[in-house]
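Student: I should like to learn how to read the features of a structure from its sequence and coordinates. Could we work through one together?

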Amino acid sequence: MIYTITVNPSIDYVVQLPHMELGSVNRLAHTAKLPGGKGINVSQILNDLEQPNQALGFLGGFTGTFISDALKQKGLDCHFTKIADDTRINVKIHADEETELNGAGPDITAAEIDAFYQELAHLTPADVVVMSGSLAPSLPDSFYYDIIQKVQAAGANFVIDTTGEALKKTLPSHPLVVKPNNHELADYYHTTFNSQADIIAAGKRMLSEGAQHVLISMAGDGGLLITKDAVYFSAAPKGKVINSVGAGDSMIGGFVGTFAKTHDAVESFRYGLACGSATAFSEDIATRAKIDEILPQIKIEQLTN
């Protein structure tokens with residue numbers, strides 16, 4: 001089983017209007033209310049790949065009910081922990097410029113945290129736990145680290161989509177895959193890259209520090225996979241980028257979902273790139289049809305041993 005964790009999900013209230021004038025009444029041209037959350041995005045991709053998964057996290061109030069109902073309509077297997085406080089609402093304004101107003105998140109009690117941990121009480125060595133997105137302010141800074149300890153005690157694998165100091169703390173625990181883009185990787189090592197060889201060297205360093213696989217996205221320049229055996233490259237598929245939101249989550253979903261079935265890192269890399277690109281070329285998280293359309297364009301080349 002793959003478990004995705006979204007501890008601070010949201011209703012994303014997306015509004016569109018030609019022009020927004022501050023201090024005045026503005027009439028909206030179009031609105032949409034969508035369930036938001038990085039782990040939720042991963043679960044949607046896993047569903048598309050027909051990979052069993054459970055979506056975990058915290059939901060509360062009328063906003064939490066909306067998200068739960070919307071996800072069940074999408075076919076997600078939801079096991080969110082119910083909390084007393086309301087799940088947050090994020091407002092995404094698409095006007096002259098894109099503006100986001102993101103809520104901080106609900107208050108989560110110690111009893112609610114304990115109830116959440118019960119969802120992880122039956123982990124096995126065959127399971128993978130994917131942690132994505134920000135923490136609600138009321139959660140301890142050690143929350144993800146505490147989960148990792150439970151995962152390791154069960155002999156399971158984990159993936160955490162994070163950067164900077166938070167990533168540094170997780171590497172000694174050997175995450176199944178880390179997914180920095182080339183800019184995040186440069187920032188992590190406080191350097192700049194002048195060539196693909198520089199990027200590969202940094203990726204190998206991250207591998208030596210504990211990651212089992214390093215997946216590096218380079219936007220239009222393609223992607224790299226670094227394993228203990230070799231380095232692999234794929235050029236970016238052709239298509240018009242419509243929506244980059246969720247593309248990284250989709251890449252993780254494609255990699256983890258395929259790896260759970262095949263234990264083949266190269267095939268997982270291929271599906272990860274296809275899923276990430278398919279979402280970038282779509283208005284929302286990619287469908288299986290879009291993934292299958294992109295997949296033939298992904299050509300993997302081994303660069304080194």
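Student: Which helix lies across strand 10, strand 11, strand 12 and strand 13, and at what angle does it run to strand 11?

Tutor: Two preliminary remarks are in order. This is a predicted model, in which local features need pLDDT of at least 70 and side-chain atom pairs count only at pLDDT 80 or more, while totals for chains, interfaces and linings use all residues. Residues are numbered from 1 along each chain as its sequence is written, and side-chain values use heavy atoms, with hydrogens and water left out.

Tutor: Helices (H or I, at least four residues) and strands (E, at least two) are DSSP runs, numbered from the N terminus. Axes are lines fitted to C-alpha atoms, for helices over the stretch in contact, and angles run from 0 to 180 degrees between N-to-C directions. Contact means heavy atoms within 4.5 Å. Here, helix 7 (residues 196-208) lies across the four strands you name, at about 35 degrees to strand 11 (223-226). Helix 9 (residues 265-280) also packs on the sheet, where it touches strand 10, strand 11 and strand 12. The direction of helix 9 makes about 155 degrees with that of strand 11.

Student: In what order do the strands of this open sheet lie, and is the pairing parallel or antiparallel?

Tutor: Strands of a sheet pair through backbone hydrogen bonds, either parallel or antiparallel. Two strands are said to pair if DSSP finds at least two bridges between them. In this case 4 strands form an open sheet in the order 10-11-12-13, with antiparallel pairing. Strand 10 (214-217) and strand 13 (301-304) are the edge strands, each pairing on one side only. From one strand to the next, the twist averages 25 degrees. Strand 12 (residues 231-234) is joined to strand 13 by 3 bridges in the antiparallel sense, and F233 stands opposite E301 of strand 13.

Student: Which strands pair with strand 8 in the parallel sense?

Tutor: Strand 8 (residues 128-132) pairs in parallel with strand 9 over 5 bridges. Strand 1 (residues 2-6) also runs parallel to strand 8, through 4 bridges. Individual partners can be located as well: I2 is bridged to V128 in strand 8, V130 to V159 in strand 9, and M131 stands opposite I160 in strand 9. A crossover is right-handed if, with the strands pointing away from the viewer, the path from the first strand over the helix to the second runs clockwise. Strand 8, helix 4 (residues 143-153) and strand 9 make such a right-handed β-α-β unit.

Student: Why is strand 8 described as largely enclosed by the rest of the structure?

Tutor: Buried means under 20% relative accessible area, exposed over 50%, and partly exposed in between (1.4 Å probe, protein chains only). Strand 8 is largely enclosed because 5 of its 5 residues are buried. In a regular strand the side chains alternate between the two faces of the sheet. Accordingly, one may look at both directions: V128, V130 and S132 point one way from strand 8, V129 and M131 point the other way, and all are buried. For strand 9 (residues 157-161), 4 of its 5 residues are buried.

Student: How many residues of helix 8 are buried?

Tutor: In helix 8, 12 of the 16 residues are buried, among them M251, I252, F255 and F259. The expected span of a helix is 1.5 Å times one less than its number of residues. Helix 8 (residues 247-262) reaches 22 Å from its first C-alpha to its last, close to the 22 Å expected. Just after helix 8, H263 takes a positive phi of about 55 degrees.

Student: Where does E50 lie, and is E50 buried or exposed?

Tutor: E50 lies in the loop between helix 1 (38-48) and strand 4 (53-60). E50 is exposed, with a relative accessible area of 65%, and has a positive phi of about 60 degrees although it is not a glycine.

Student: What does N182 touch?

Tutor: N182 belongs to helix 6 and is buried at 16% relative accessible area. Leaving aside neighbours within four places in sequence, N182 is in contact with F193, I199, I216, S217 and M218. A186 is also found in helix 6; beyond residues up to four places away in sequence, A186 touches T191 and F193.
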